[in-house]
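Trainee: I am new to this structure and would like to understand how its descriptions are reached.
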Amino acid sequence: MKRGLAYLMLFYESKKPLRLKDVSRKLNVKMPSALETISRLMIKGYLQKVSRGCFEISDEGKKYVEEMMWRHAVLEWTFMNKLNIQSKDLCKTVSKIEELIPLDIIEELCEMNKHPITCPHNIEAPHPGKSRKATAYKYCEI
Ligand SMILES: [Zn+2]
Ligand SMILES: [Zn+2]
């Protein structure tokens, strides 16, 4: 998982604001480095400050995280079923490229895979515009 996404997942899963020192401890990074990444994610609008040293994920951040989960599922299916690639590192590879592929291509691949609601590892994935099955989703990491 990319660094920014790992931070966002932590906030997404916690469902409550997190303090800088908790983030630093949970991700095993030094506080200044955690603050740097958090600041970068705030500039992007994915995190917001709750109070001094305390942050939470924004709606925009949740949307981003869930879009990545959907992209991840679509690409995993594409590689496995359409390209017949069975590499055990598929999940890791997909993590590296999922963000880079233009949305219209992901949408086409999604269509090609009949709009999957789980990834090939049976982890539920959100689909933009479809009714939600879960209140929070997990990011596939096999
Ligand atoms: Zn779709
Ligand atoms: Zn998966």
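The two of us go through the chain as a whole and then one helix pair.

Mentor: This is a predicted model, in which local features need pLDDT of at least 70 and side-chain atom pairs count only at pLDDT 80 or more, while totals for chains, interfaces and linings use all residues. Residues are numbered from 1 along each chain as its sequence is written, and chains are lettered from A and ligands numbered from 1 in the order in which they are written.

Trainee: What pattern does the chain follow along the sequence?

Mentor: The pattern is α-β-α-α-β-β-α-α-α, with six helices and three strands, where DSSP runs of H or I with at least four residues count as helices and E runs of at least two as strands.

Trainee: Why is the chain called as compact as a globular protein of that length?

Mentor: The globule rule (2.2 Å times the number of residues to the power 0.38, with the radius of gyration taken over C-alpha atoms) gives 14 Å for 142 residues, and the chain's radius of gyration of 16 Å is close to that, so the description holds.

Trainee: Why are α1 and α4 called roughly perpendicular?

Mentor: The axes of α1 (residues 3–14) and α4 (residues 59–82), which come within 10 Å, cross at roughly 115°; angles of 65 to 115 degrees count as roughly perpendicular, and the pair is therefore described that way.

Trainee: Which residues of α1 make the contact with α4?

Mentor: They are L5, L8, M9, F11 and Y12, facing G61, K62, Y64, V65 and M68 of α4, where contact means C-beta atoms, placed from the backbone, within 7 Å.

Technical notes: Axes fitted to C-alpha atoms, helices over the stretch in contact; angles between N-to-C directions. Parallel < 35°, antiparallel > 145°, perpendicular 65-115°, else oblique. Contact = placed C-beta atoms within 7 Å.
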